[in-house]
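User: I'm new to this structure and would like a close look at one part of it. Could you take me through a sheet and what surrounds it, then link that to the rest?

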Amino acid sequence: MTTQIKFGTSGWRAVMAEEFTFVNVRRAVEGIARYVVSQKPKGAKVIVGRDPRFLGETFCSIAADILAAHGVTPLVIAEAAPTPAISYAVTQAKADGAINFTASHNPPEYNGIKFSTPDGAPALPEVTKNIEAKIASTDGLSGDGGGPKKVEAQPLDPRRMYLSRLREIVDLDVIKKAGLRVTFDPLWGAARGYPDALLKEGGIDVATLHDYRDVLFGGHAPEPDDHLLEDLRTKMRETKAHIGIATDGDADRFGIVDEDGTFFQPNYIIALLFDYLVESRGWKNGVGKSVATTNLINALAKHHKVELYETPVGFKYIGELIKEDKIAIGGEESAGLSIRHHVPEKDGVLAGLMCCEMVARRGKTLGKQLQELFAKVGSFYPQRENFRLTPEVKDKFTGKLQSEPREFFGRKVGEVVRKDGLKLVFEDGSWICYRVSGTEPVVRVYSEAANATELSKLSAAAKQWIFE
């Protein structure tokens with residue numbers, strides 16, 4: 001039976017040797033090649049890159065051959081490269097897109113394909129639907145994506161151009177003058193030799209760990225989340241670091257650890273950087289966030305008199321706002337952000353470096369800065385939980401999400417937001433948001449309250465509403 005290849009919010013991902021096979025990779029790339037030719041029949045060029053996962057080089061080579069057979073010049077990146085570096089290279093090389101073999105922060109047995117359009121942004125749904133249709137229409141034809149090459153592949157190194165862009169954005173002098181000590185954990189991923197090289201070049205004290213290729217990523221998902229950053233904390237204690245920065249498998253997501261070893265959730269990092277960019281750069285054009293991201297950003301937007309854009313979940317919506325220069329920064333609670341005049345794609349490398357600059361310039365730990373933010377606009381305690389549902393509960397609950405509750409376990413509903421799933425904002429400013437996964441029997445529940453006690457009460461009520 002032929003696997004149906006579907007591109008979700010971040011491309012197509014599957015388990016290697018199960019659905020991510022040579023045959024299916026050829027089908028996917030064949031569909032992308034046909035799409036590119038339909039947009040630009042002659043003279044198209046597409047970047048081919050990867051993260052450090054197993055067989056990445058082989059997949060790149062297969063993709064290059066298929067593109068060349070369609071008359072599309074492949075610009076092949078030899079080494080693993082961060083997704084944001086590939087995104088930046090698309091615009092700099094004036095390419096017609098990029099095929100990036102990565103499964104981002106998924107466990108090591110996964111691989112995937114992200115397709116970027118000529119603006120360096122993740123492909124929007126109308127593009128991926130077109131590609132899916134082209135994949136389906138080529139099935140049954142010769143499956144080797146073969147044919148003689150009409151053009152030759154060319155090498156491309158995105159590292160120099162991307163690092164030079166980061167040098168323009170980040171104030172390395174400020175970090176150096178503050179005597180900041182940094183520890184960096186690429187989690188064996190694509191950011192190896194990127195932020196640490198830039199910091200070292202700026203004369204900044206940086207220690208790196210997990211700085212070698214391991215296709216098993218230490219035996220777990222390359223996800224820069226609290227429970228997977230113990231090695232980073234240990235190294236920080238050894239080097240007396242002021243901040244720890246981490247990136248995921250393809251370096252589009254970030255993880256930040258404060259001087260005392262506290263993991264700072266992305267919600268807070270985005271809010272702090274928004275406040276910092278207004279203060280240090282004077283950027284007041286706008287701020288973007290997904291509907292599931294902390295309302296601390298809403299409060300700051302009001303405080304700074306900056307326009308707020310609330311989007312559905314999926315960084316492509318933030319990317320559009322970046323392209324239109326409507327926002328100084330845009331982010332999602334799942335650890336994705338980018339800033340004004342930069343790539344319309346999540347950039348975990350930039351996030352870590354900007355946090356270093358912010359801590360250096362302000363001369364305060366992240367914890368202290370957050371306390372000051374709370375004093376300015378009120379306190380916000382966000383969290384996300386996943387609940388697995390049986391098919392019966394999922395069906396019943398999906399129906400329930402269509403309702404318009406005016407009250408929720410004794411709380412008055414002030415506003416019902418349907419940008420993505422169901423978000424109930426209560427009169428005291430606390431809120432919950434339910435999103436049912438399209439790919440698995442899971443409901444994601446986001447909740448936020450003014451303190452930890454209220455948050456645990458709200459969280460219990462949110463769970464009760466699913467299963468009652």
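Analyst: Here is a walk through one sheet, its neighbours, and then some other spots worth a look.

Keep in mind that this is a predicted model. The part to zoom in on is an open sheet of 5 strands, laid out in the order β8-β7-β9-β10-β11 with mixed pairing. Its edge strands are β8 (205-208) and β11 (263-264), each of which pairs on one side only. Look at β7 (residues 181-185) next: β7 and β8 pair in the parallel sense, with 4 bridges between them. If you want one pair to click on, take Phe184, whose bridge partner in β8 is Thr208. Now add a helix to the picture. Helix α12 (residues 348-362) packs on this sheet and touches β7, β9 (243-247) and β10 (254-258). The direction of α12 makes about 170° with that of β9. Angles over 145 degrees count as roughly antiparallel, so α12 and β9 run roughly antiparallel to each other.

What sits around Ile243? Ile243 touches Leu180, Arg181, Val182, Thr183, Met236, Ile256, Val257, Cys355, Cys356, Val359 and Leu366, leaving aside residues up to four places away in sequence. Ile243 also belongs to the largest nonpolar core, which has 76 residues. Along with Ile47 and Leu296, Ile243 is among those with the most contacts inside that core. There is a second, separate core of 31 residues, and its members include Met16, Phe20, Ala44 and Ile62.

Stay with the sheet for one more detail, the loop between β9 and β10, where you'll find Ala251. The phi of Ala251 is near 65°, a positive value in a residue other than glycine. That's worth a second glance because most residues other than glycine have a negative phi. Ala251 has a relative accessible area of 0%, so it counts as buried. Ser104 is another case of a positive phi in a residue other than glycine, near 55°. You'll find Ser104 in the loop between β4 (98-101) and β5 (110-116). With a relative accessibility of 1%, Ser104 is buried.

Now for Ile47's surroundings. Strand β2 covers residues 45-50, and 5 of its 6 residues are buried, so β2 is largely enclosed by the rest of the structure. β2 pairs with strand β3 (residues 73-76) in the parallel sense, over 4 bridges. Within that pairing, Val46 stands opposite Pro74 in β3.

Next, a pair of helices. Helix α3 (residues 83-92) packs against helix α5 (residues 159-169) at an angle of about 100°, and their axes are 9 Å apart. That angle makes α3 roughly perpendicular to α5. On the α3 side, the residues that meet α5 are Pro84, Ala85, Tyr88, Ala89 and Gln92. On the α5 side, they are Met161, Tyr162 and Arg165. Sorted by type, the residues of this contact come to 6 nonpolar, 1 polar and 1 charged.

Is His304 buried or exposed? His304 is found in helix α10 (residues 296-304), and its relative accessible area is 12%. The cut-off for buried is under 20%, so His304 counts as buried. Leaving aside residues up to four places away in sequence, His304 touches Asp275, Val278, Lys284 and Lys376.

Let's finish with another sheet. An open sheet of 6 strands has the order β16-β21-β20-β19-β18-β17, and its pairing is antiparallel. The edge strands here are β16 (381-388) and β17 (407-408), each pairing on one side only. Inside the sheet, 4 bridges join β19 (residues 422-426) to β20 (residues 431-436), and these two strands run antiparallel. Val425 stands opposite Trp431 in β20.

From β21 (442-449) you can step into the loop that leads to α15 (452-467), where Ala450 lies. Ala450 has a relative accessible area of 42%, so it is partly exposed. Again leaving aside residues up to four places away in sequence, Ala450 touches Ser379 and Tyr381. Ala450 and Phe374 are 76 residues apart in sequence, yet 9.8 Å apart in space, C-alpha to C-alpha.

Technical notes:
Residues numbered from 1 in each chain as written. Predicted model: local features only at pLDDT ≥ 70, side-chain atom pairs only at ≥ 80, totals over all residues. Heavy atoms only, no water. Pairing = 2+ DSSP bridges. Contact = heavy atoms within 4.5 Å. Axes fitted to C-alpha atoms, helices over the stretch in contact; angles between N-to-C directions. Parallel < 35°, antiparallel > 145°, perpendicular 65-115°, else oblique. Nonpolar A, V, L, I, M, F, W, Y, C, P; charged D, E, K, R; others polar. Core = buried A, V, L, I, M, F, W, Y, C linked by side-chain atoms within 4.5 Å. Buried < 20%, exposed > 50% of the residue type's maximum accessible area, 1.4 Å probe, protein only.
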